[in-house]
Amino acid sequence: MKKTALLLSILFAFIFSMNAFSEKKPIDFKDYDLWKDLRGTKISQDGKFISYQINPQEGDGWLYIYEVATQKLDSIPRGYNASFSPNSNYLVFKIKPTFKETREAKLKKKKGDKLPQDSLGIYIFKTKSIEKIAKAKSFKLAKEKSDWFAFTYKEIVKKDTSEKVEKPQKEEEEEEKKKEKKKGKGKPKGNTLRIYNPIVQEVKQFKNVTDFEISKYGNAISFIQQKKDSVETSTVTYFSTKDKKLTIILEQEGISKKLGFDQSGENLAFVFSGDTAKTKVYSLYYSNKASVAEMIVDLNNEAMPKDWAVSENGNIYFDTESKNLFFGTAQKPVAPPKDTLTADEKVSVDIWNWKDNYLQPQQLLNRKKVEKRTYLAKFNLADRKMKQLGNEKITRVWINAKGINKYALGTESEKYGKFLTWEGKSYADLYLFDLSNGSKKLIVEKVHTRMILSPGEKYIYWYNHKELGWNVYDIEKGKIRNITQNINTNFWDELDDHPDIKPAYGVAGWLKDDRYILIYDRYDIWKVDPKGEKAAINLTNGYGKQNKTILRYRALDDKRNLIEEKDLLLVAYSEATKQSGFYTIKTKKAQSPIKLMFGDFSVSGRGSFIAKAKNSSEVIFKKGNLQNYPELYLSDLSFKNLKKLSNTNPQQKNYNWATVDLIQWTSLDGKKLDGLLYKPENFDPNKKYPMVIYFYERMSNRRFTHIIPKPSRSSINFIHFASNGYLVFIPDIVYKDGYPGESAVNAVVSGTTYLIEKYDFINKDKIGIQGQSWGGYQVAYLVTQTDIYAAAWAGAPVSNMTSAYGGIRWGSGMNRAFQYERTQSRIGGSLWEKPRQYIENSPIFLADKINTPLAIMHNDKDGAVPWYQGIELFCGLRRLEKPVWMLNYNGAPHNLSRRADSKDISIRLSQFFDHFLKDKPAPVWIEYGVPAVKKGKDFGLELVE
């Protein structure tokens with residue numbers, strides 16, 4: 001009897017679970033707007049409050065405020081861009097207008113300031129009160145200690161409600177035209193600035209403010225007012241929050257810009273021009289402790305290069321000890337010549353010259369940036385002397401933002417500009433500047449890597465691609481040494497399969513006084529002596545390599561690359577299982593790291609987040625996997641007691657979701673590969689399922705990545721397809737130089753046949769493939785090699801490497817050659833060196849072999865792959881009477897950016913594969929097409945019964 005009861009209970013449980021699955025709905029396109037994203041996560045410096053946003057894909061979101069002590073959650077509709085005050089007494093944020101009112105204004109063709117504007121919100125923690133200010137523009141808070149902050153807003157001008165005498169319509173129209181002509185003439189500049197301490201309710205308010213700045217500790221706020229009557233007057237004011245004193249430090253006819261404080265808040269600098277002409281020449285002004293601002297550098301300074309001046313486009317900042325003031329200089333602006341030609345008399349021509357460092361399209365794209373380029377100079381506050389550091393050769397000079405600022409680094413790169421065309425990378429000569437006297441020294445030539453000063457400024461360090469190791473330049477001894485050459489491991493990316501120099505794994509940072517540098521290999525962290533005197537130590541004791549687990553340091557402070565010698569937090573990722581988590585380790589000796597939290601979830605890679613409260617032990621982080629949205633959690637650094645704070649998508653439980661399996665097989669050329677197989681949540685192994693295969697390089701590391709249903713920018717949504725009864729397979733691809741197409745066949749076809757042979761639930765006659773960009777190319781190539789796929793969709797594919805090779809990437813202005821020779825296409829040589837590989841890897845030359853129905857998306861503003869590549873393939877297949885379709889979203893880039901377009905392609909992707917893999921009726925656009933005369937009226941989405 002007991003056995004019978006047990007069997008019945010098991011049977012009922014099984015029936016109930018099956019009913020639960022059957023009650024879950026497949027995801028439909030109309031459901032996308034239900035899914036939301038968590039973002040904008042912040043924790044107060046005292047760790048007592050946490051804020052985050054939950055926003056829908058379209059519509060009004062919410063800002064949430066969580067109090068740790070009481071575990072209470074408050075919410076503010078449409079709040080975003082929140083920041084805690086340094087003293088953790090309040091939260092400042094912006095509030096968007098409602099989605100509905102913004103949409104209605106857009107329908108009425110309103111633009112700019114005529115659209116509904118943001119408001120500013122201030123949430124006081126002690127009183128739980130909110131203050132709102134309409135038409136907010138921007139706000140700035142101190143970084144430390146202060147309750148003062150400042151913000152600007154547009155004052156609302158009350159409309160004149162007095163009675164008006166009605167005028168004839170024509171007369172009203174004439175008056176309106178006159179008003180339009182007068183717009184801008186004598187109009188007040190800037191916005192209203194409010195300097196505010198919301199805790200004690202102290203306020204200062206000023207109109208016509210064009211710029212403002214707050215010091216690091218909030219003890220000083222400065223602002224610029226521009227007023228224009230018959231002449232324009234500039235007023236620069238210094239406000240001390242300690243004694244509430246306002247001091248005007250400059251008031252003159254002219255324009256002021258670019259305020260910059262030192263860390264103490266006592267030193268302030270800005271640029272000013274008293275020129276009345278449209279083309280203005282600026283000078284540098286300085287004030288100490290609210291003294292009257294004095295001009296310290298102008299174009300007549302003896303150190304100023306000839307015909308140069310202080311630039312309005314350069315940043316103004318002090319070093320950490322307030323010894324030097326840094327600013328930008330450039331050639332003195334010259335008024336353009338008077339225009340004496342009519343439009344039809346002017347010539348517009350681009351002149352390409354083989355001696356140019358950069359191609360014309362790249363020059364034209366960067367023209368405004370180059371026109372506004374500035375060259376770093378410094379002014380020593382002790383000896384009152386200027387020193388020019390940068391110049392038209394050494395265009396970039398910088399100091400350590402967190403360093404002691406004894407030195408600066410500079411690079412000369414323009415002369416290597418040509419290499420960018422065929423190598424796709426920049427080179428530079430490195431210079432070291434001694435800031436005590438402004439002298440410079442050439443350290444190394446033609447380096448392709450970042451070159452960085454150590455925190456204590458004893459060394460410069462960089463990755464040497466030729467030696468495949470790390471170099472340091474010992475500043476005191478004036479010597480370069482390779483500090484990793486005697487370590488028995490690889491510091492370059494072992495999985496990188498491009499025919500190019502191998503990138504490094506990177507550096508964790510430096511220990512105090514520059515005694516050691518921590519360097520990554522594939523799995524572990526090495527503690528290396530920059531002097532080369534002591535043997536390197538594998539700090540993680542080889543644990544990473546032994547367990548095929550990548551260990552990386554995660555900084556929880558803002559000290560950049562300076563690591564305190566205490567317990568370090570490591571983020572861990574398993575190459576074998578794709579699991580991730582947190583470990584900890586000490587810096588003094590080699591030891592296996594201690595596991596804090598590790599499992600079937602993602603806390604690393606794309607979308608990962610962790611932050612610690614500055615003055616307490618609380619940390620917040622995101623943790624999730626395919627089934628669980630990466631919610632926000634609260635913990636301390638032991639990660640033992642986790643508190644889940646958010647609940648982003650509770651509606652997910654009502655929908656048929658997906659599961660994912662890690663698949664491992666051997667490719668046709670003998671390589672061990674990983675891949676992911678997504679299944680419907682209600683998967684039944686006794687059924688036959690259609691399958692869509694998607695690929696792009698390696699993607700198996702996303703096993704525990706959460707995916708939300710949303711309109712596609714170019715590719716299938718794995719969750720949507722799984723929810724609607726598809727299997728989705730994502731194989732990794734490993735490449736062989738010169739044979740990218742064959743490499744795709746070796747990986748994708750082998751993975752497909754492996755699954756077909758292993759699993760009876762796959763309908764081998766109903767398998768499709770889809771890819772975008774590089775994946776789109778591989779789709780186009782694959783269907784020239786095999787007929788095992790019933791349908792294929794290629795987004796932005798390169799179909800002809802010979803015609804694409806010499807073209808321009810219009811998004812960057814760069815020549816396309818480098819990507820075929822060195823990067824993603826992996827040919828390994830130029831078109832004239834390896835013509836056979838270019839032809840053999842081009843689908844267009846094998847178009848007659850294609851029998852698979854093929855859809856192409858290629859947009860006419862694609863800045864990465866010229867859309868004529870899609871046209872070439874479409875026209876070739878059309879001529880051969882092969883089934884082919886092409887979608888061109890007008891004005892759209894490489895990947896769709898407009899939500900309306902994304903919604904449309906999501907529907908078409910499903911319709912296409914539903915028709916060929918599920919035998920559903922074809923839509924009109926597939927069966928008949930949509931003629932141009934019906935464009936914008938008929939989209940062809942109706943199914944043909």
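Two strands are taken to pair if DSSP finds at least two bridges between them. The legends below apply that criterion to close-up views of a predicted model.

**View 1. The open sheet β37-β38-β39-β40 and the bridge partner of L568.**
In this predicted model, strand β38 (residues 568–574) and strand β39 (residues 580–585) are paired in the antiparallel sense over six bridges. Within that pairing, L568 has I585 of β39 as its bridge partner. Both strands belong to an open sheet of four strands in the order β37-β38-β39-β40, with antiparallel pairing. The edges of this sheet are formed by β37 (549–553) and β40 (594–599); each has a single partner strand, so one side of each is left without a neighbour in the sheet. On average, neighbouring strands of the sheet are turned by 25° against each other, direction ignored.

**View 2. Strand β34 and its pairing with β33 and β35.**
Strand β34 (residues 517–520) directs I517 and I519 one way and L518 and Y520 the other way. These four residues are all buried. Strand β33 (residues 507–510) is joined to β34 by three bridges, and the two run antiparallel. One residue pair in this arrangement is G509 with L518, its bridge partner in β34. The hairpin of β33 and β34 has six residues between the strands, and in this hairpin D513 takes a positive phi near 60°. Strand β35 (residues 525–528) is joined to β34 by four bridges, again with the strands running antiparallel. I517 of β34 stands opposite V528 in β35. β34 and β35 also form a hairpin, with four residues between them.

**View 3. The open sheet β1-β2-β3-β4.**
Four strands make up an open sheet in the order β1-β2-β3-β4, and their pairing is antiparallel. The edge strands are β1 and β4 (72–77), each of which pairs on one side only. From one strand to the next, the twist averages 20°. Strand β3 (residues 62–67) pairs with β4 in the antiparallel sense over six bridges. L63 stands opposite I76 in β4.

**View 4. Surroundings of Q45 in the loop between β1 and β2.**
Q45 is found in the loop between β1 (36–43) and β2 (49–56). Its relative accessible area is 17%, and because buried means under 20%, Q45 is classed as buried. The Q45 side chain reaches the backbone oxygen of K143 at 3.1 Å. Not counting residues up to four places away in sequence, Q45 touches P86, S88, K143, E144, A613, K614, N615 and S616.

**View 5. Surroundings of S273 in strand β17.**
S273 is found in strand β17 (residues 267–273). This residue is buried, with a relative accessible area of 0%. A polar atom of the S273 side chain lies 2.9 Å from the backbone oxygen of V281. With neighbours within four places in sequence left aside, S273 is in contact with E253, G254, I255, K280, V281 and Y282.

**View 6. Aromatic pairs, with Y52–Y64 and F721–Y726 as examples.**
Rings of Phe, Tyr and Trp are counted as pairs if their centres lie within 6.5 Å. By this rule the count comes to 51 aromatic pairs. The ring centres of Y52 and Y64 are 5.4 Å apart and the ring planes are at 20°, so this pair is stacked. Y52 lies in strand β2 and Y64 in strand β3, so the pair ties together parts that are twelve residues apart in sequence. Both Y52 and Y64 are buried. F721 and Y726 form a tilted aromatic pair, with 5.0 Å centre to centre and 50° between the planes. F721 and Y726 are each buried. Ring pairs also link F721, Y726, W793, W885, F912, F913 and F916 into a cluster.

**View 7. Lysine side chains over aromatic rings.**
The charged end of K623 sits over the ring of F601, at 4.9 Å from the ring centre. K736 lies over the face of Y739, likewise 4.9 Å from the centre of the ring.

Terms used
Residues numbered from 1 in each chain as written. Predicted model: local features only at pLDDT ≥ 70, side-chain atom pairs only at ≥ 80, totals over all residues. Heavy atoms only, no water. Buried < 20%, exposed > 50% of the residue type's maximum accessible area, 1.4 Å probe, protein only. Polar contact = N/O pair within 3.5 Å; in protein donor to acceptor, adjacent residues only side chain to side chain. Contact = heavy atoms within 4.5 Å. Axes fitted to C-alpha atoms, helices over the stretch in contact; angles between N-to-C directions. Phe/Tyr/Trp six-rings, centres within 6.5 Å; stacked < 30°, edge-to-face > 60°. Lys NZ or Arg CZ within 6 Å of the ring centre and 35° of its normal.
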